[in-house]
Amino acid sequence: MVTDPRFSPDGKFIYFIVDDDGTQNLCRIPALGGEITRPVGGRLMVNAYAVAKTGEVAAQVATIDRPDELFTIPGGKLTQVTHVNDALFAQLKLSHGEYVHFKSKDGTDVAGYLYKPLDYTPGKRVPTILRPHGGPVWAYYAEFAHLPQLLAANGYAVLFPNPRGSTGYGQKHAQAIFADWGNKDFQDDIAMVDYAIEQGIADPDKLGVGGWSYGGISTNFIITQTTRFKAAISGAGEFLYMSNYGHDHYQRDWETELGRPWENKELYEKLSPFYRVASITTPTLIMGGNIDWNVPILNGEQMFQALKSLGRTTELVVYPDEYHEFSTPSHIKDRLERYLAWYNHYVKGDAAPATPSEQPKNKTAGN
């Protein structure tokens, strides 16, 4: 997948960002055709770039261990210009995400990023969280991410797979789940869990799963097909697809991929986790924003009600005035605290409650 193409000042080259194998590199090609080169390449993430009138290039680059900084490439050497995060990161101990490869159930090659706990001892099995990504037309990249670091600091191994449906591995890989969600991508996600177990890292009796957006949808698929996980967190996921038709903003996608619901009722029902809800026994925390028009909270409400009706362990947390991506710092903090409390209680078996205690309210003058 190619984005942000632009001509060099002399018009002889075209620069562009390419999504490739869990990275984003800055590439260029002669305008009249020829060999593609990578002015900024390697296991890193180019999020933006600029080309000066002189032909010099500056790029906004993240790595697995550092958030974005600005770099230039004098003489072809990647050179860091800004050091905004140096002081902070000098104080932090981080888990270095490893890019690993493994085989899926049908022999397909799959890759992803694996983070070990900060205090990891080789050969020691640890609680492990599978985190399916959103999209599904997206991927996990060689860029700094706060969530695996938070989980790793709390004793978890974290799995970031790029299953079929992800970008960066070719058109066939991305289209492999077309109108077939929760099948091949499910196999690929589970294959990374099996890989982590085979490597002696993941404790098969202490597994958790959770994701946001399509990651939430994947979580819903996963817990309807297996009981291996001790806890699940479904964030902004879909549950009963017919309900979304005419309600969210994906009408073109719904009709292109699944067709009209009244014409393809069986396919909509086959793919909807709602019709397999009786298979869910995993304690499930459901979350979302009340004004999310990308994946409306209606889905979370239906999932919660279905699970409650069956007497399953579940909780629904709806954040006020939040869209698909949260912006209120206190809500972001609260969400992370709930992640940890839910996993600590059900995956690790900690005695602390699965739901954090209410934060004390600010007192007013005179109280």
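**Exercise 1. Where is D321 found, in terms of strand 16 and helix 9?**

Before the solution, a note on the model is needed. This is a predicted model, in which local features need pLDDT of at least 70 and side-chain atom pairs count only at pLDDT 80 or more, while totals for chains, interfaces and linings use all residues. Residues are numbered from 1 along each chain as its sequence is written, and side-chain values use heavy atoms, with hydrogens and water left out.

Step 1. Helices (H or I, at least four residues) and strands (E, at least two) are DSSP runs, numbered from the N terminus. D321 is found in the loop between strand 16 (314-319) and helix 9 (329-348).

Step 2. The backbone of D321 has a phi near 60°, a positive value in a residue other than glycine.

Step 3. Buried means under 20% relative accessible area, exposed means over 50%, and partly exposed lies in between, with a 1.4 Å probe and protein chains only. Because its relative accessible area is 57%, D321 is exposed.

**Exercise 2. Describe A236 in the manner of Exercise 1, and then examine the peptide bond from G135 to P136.**

Step 1. A236 sits in the loop between strand 14 (231-235) and helix 6 (251-258).

Step 2. Its phi is positive, about 50°, although A236 is not a glycine.

Step 3. With a relative accessible area of 4%, A236 is buried.

Step 4. The peptide bond from G135 to P136 is cis, and its omega is near 5°. P136 belongs to the loop between strand 11 (126-130) and helix 2 (146-153).

**Exercise 3. Set out the surroundings of G211 and of R312.**

Step 1. G211 lies in strand 13 (residues 202-212), and a relative accessible area of 1% makes this glycine buried.

Step 2. Contact means heavy atoms within 4.5 Å. Not counting residues up to four places away in sequence, G211 touches R131, P132, G216, T219, I233, S234 and G235.

Step 3. G211 and G237 are 26 residues apart along the chain, and their C-alpha atoms are separated by 8.3 Å.

Step 4. R312 is placed in the loop between helix 8 (298-309) and strand 16, and it is partly exposed, with a relative accessible area of 23%.

Step 5. Leaving aside neighbours within four places in sequence, R312 is in contact with A278, I280, T281 and L307. R312 and T282 are 30 residues apart in sequence and 7.9 Å apart in space, C-alpha to C-alpha.

**Exercise 4. For helix 4, helix 5 and helix 9, compare the span with the expected one, and state which residues are buried.**

Step 1. The expected span of a helix is 1.5 Å times one less than its number of residues. Helix 4 (residues 184-198) has 15 residues and reaches 21 Å from its first C-alpha to its last, close to the expected 21 Å.

Step 2. Helix 4 is mostly covered, since 12 of its 15 residues are buried, among them F186, I190, M192 and I197. The cover over these buried residues includes strand 9 (98-103), strand 10 (109-115), strand 11, strand 12 (157-162), strand 13 and helix 5. After helix 4 comes G200, with a positive phi near 80°.

Step 3. Helix 5 (residues 214-225) has 12 residues and reaches 17 Å, close to the 16 Å expected. It is mostly covered, with 11 of its 12 residues buried, including Y214, F221 and T224.

Step 4. Helix 9 has 20 residues and reaches 27 Å, close to the 28 Å expected. Its buried residues include H331, L336, W342 and V347, and the buried residues of helix 9 pack against strand 11, helix 2, strand 13, strand 14, strand 15 (284-289) and strand 16. Just after helix 9, G349 takes a positive phi of about 80°.

**Exercise 5. Place these details in the whole protein, beginning with how many helices and strands the protein has.**

Step 1. The protein has 9 helices and 16 strands, and buried residues make up 48% of its 367 residues.

Step 2. The radius of gyration is taken over C-alpha atoms, and the globule rule is 2.2 Å times the number of residues to the power 0.38. For 367 residues a compact globule would have a value near 21 Å, and the 22 Å of the protein agrees with this.

Step 3. Along its principal axes, the C-alpha trace spans about 65 × 60 × 55 Å.

Step 4. Among contacts with a separation of 6 or more, 59% are accounted for by residues 24 or more positions apart.
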